[in-house]
Amino acid sequence: MARMKKTAEVPPCYAMVLPGLEAIAAEEIASDLGGDIRKTLRGIVVFRVPEITEQLLQLRTTEDVFVLAWGTDELTHRALDLKNITRWTASNADWQRLLQIHHAVHVRPKGKPTYHLVTQLTGQHVYHRSAAREALAKGLAGKFPATWKPAEENAAVEVWLTIQKQTAVCGLRLSDRTMRHRTYKTEHLPASLRPTVAAAMVRLAEAQAGMTVLDPMCGAGTLLAEQIESSRRQGKGIVHTWGGDRDLNALRAAVTNLRRVGPTILAQWDSRALPLATHSVDRILSNPPFGKQLSTPEEIGPLYRECASEWNRVLRPHGVAVLLVAEMEPLLEALRPHRWRPVRRLRVQILGQTATISVWRKPEE
Ligand SMILES: C[S@@+](CC[C@H](N)C(=O)[O-])C[C@H]1O[C@@H](n2cnc3c(N)ncnc32)[C@H](O)[C@@H]1O
């Protein structure tokens with residue numbers, strides 16, 4: 001990425017995404033915002049939009065969005081970087097203009113203006129994160145009004161510097177925590193899915209108006225909530241959502257979370273014997289239990305096999321399933337007899353754990 005100079009045109013933006021979701025977030029930015037994708041790094045998508053508006057905050061597959069102050073892929077990993085960080089921060093960005101954009105988009109907390117600096121650093125550099133933060137602070141000297149106070153939490157303005165090996169992006173955070181956590185999600189379960197991952201799975205399923213989408217192991221209802229939100233935003237008509245779980249506590253959490261999102265049919269059931277008619281659903285979205293938290297490896301194989309056979313029964317021919325699992329092998333084995341066709345696979349990093357989203361299409365019978 002060439003270093004960005006002061007410019008009168010709309011500055012670029014960047015989004016932070018869970019590693020592995022870059023492609024799907026780029027698709028969302030391009031199709032929903034008309035964005036032009038400039039660069040994709042691990043966990044970061046740099047893009048331009050014709051205008052920076054609150055619409056940016058409507059993105060579903062991104063964890064955070066920023067307006068870019070400067071970016072580089074010329075870091076040396078040596079101490080020289082620190083001087084450059086200060087110099088680029090001081091000279092390569094029009095902070096007044098960035099603040100104007102920020103204030104137009106971001107909801108301003110009440111009270112005295114405050115700011116917060118966030119520095120992230122991955123890769124091997126001779127300097128520490130704290131030194132990069134100091135370099136950033138030096139570059140920002142005099143850029144904000146003297147009355148602004150630093151604050152650790154709920155700051156009115158957050159300046160982020162993210163360094164990944166020889167690449168760095170620095171910008172103002174436009175989103176707040178509700179982008180990644182959503183407002184509907186008041187009930188959390190230990191294995192609850194991250195909303196941005198659920199949103200990515202919903203995009204991959206491409207459900208159309210009039211279709212029925214099933215989450216047979218719905219937990220706290222995140223996939224169902226994202227499906228309802230997505231169809232509402234598209235405004236092309238209702239997608240029917242059905243969900244169930246064998247655990248009553250999970251169902252209660254789903255009921256609470258979905259209450260403010262939209263209507264859905266929920267039931268207590270065992271995903272291996274669903275009370276649903278054959279070929280009654282068009283899409284299946286699921287993240288069956290995985291990891292030590294919920295199941296042992298010995299349980300996963302039989303559970304996936306029995307679920308696959310039941311899901312194959314209820315899914316209509318040509319229907320699509322989008323599944324998230326930690327281990328692909330038991331899933332592949334479970335699906336083999338049903339000859340579902342693999343459409344797409346994404347390896348994602350969710351809270352330090354690697355998992356795979358796979359998209360499948362059921363053939364004609
Ligand atoms: C990883 S969680 C699902 C999270 C959920 N998709 C969400 O959006 O938050 C897995 C869920 O599968 C449920 N489960 C496990 N075995 C089941 C079975 N045989 N039938 C139905 N639900 C089951 C668990 O109770 C748990 O809530």
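How many of the 11 residues of helix α6 (residues 195-205) are buried? The count is 10, so α6 is largely enclosed by the rest of the structure. This is a predicted model.

**Helix α6**

The buried residues of α6 begin with P195, T196, V197, A198, A199, A200, M201 and V202. L204 and A205 complete that list. E206 follows the helix, and its phi is positive, near 50 degrees.

**The sheet**

An open sheet is built from 7 strands. Their order is β11-β10-β9-β12-β13-β15-β14, with mixed pairing. The edges are held by β11 (265-268) and β14 (341-350). Each edge strand has a single partner, so one of its sides has no neighbour in the sheet. On average, neighbouring strands are turned by 15 degrees against each other, direction ignored.

At the β11 edge, β10 (residues 240-245) and β11 run parallel, joined by 4 bridges. Within this pair, G243 stands opposite L266 of β11.

Two helices that pack on the sheet are set out here.

| Helix | Strands touched | Angle between directions |
|---|---|---|
| α8 (residues 248-259) | β10 and β11 | about 165 degrees with β11 |
| α10 (residues 328-335) | β13 (315-325), β14 and β15 (353-361) | about 20 degrees with β15 |

Helix α8 thus touches the edge strand β11 along with β10. Helix α10 touches the other named edge strand, β14, as well as β13 and β15.

**Two loop residues**

Where does H125 lie? H125 is in the loop between β5 (114-122) and α4 (129-140). The relative accessible area of H125 is 13%. Buried means under 20%, so H125 counts as buried. The side chain of H125 reaches the backbone oxygen of K165 at 2.7 Å. Leaving aside residues up to four places away in sequence, H125 touches H77, D81, I163 and K165. K165 is therefore both a touching residue and the one whose backbone oxygen the H125 side chain reaches.

T53 also sits in a loop, between β3 (44-48) and β4 (64-72). Is T53 buried or partly exposed? The relative accessibility of T53 is 26%, so T53 counts as partly exposed. In sequence, T53 and A104 are 51 residues apart. In space, their C-alpha atoms are 7.5 Å apart.

Note on methods
Residues numbered from 1 in each chain as written. Predicted model: local features only at pLDDT ≥ 70, side-chain atom pairs only at ≥ 80, totals over all residues. Heavy atoms only, no water. Buried < 20%, exposed > 50% of the residue type's maximum accessible area, 1.4 Å probe, protein only. Polar contact = N/O pair within 3.5 Å; in protein donor to acceptor, adjacent residues only side chain to side chain. Contact = heavy atoms within 4.5 Å. Pairing = 2+ DSSP bridges. Axes fitted to C-alpha atoms, helices over the stretch in contact; angles between N-to-C directions.
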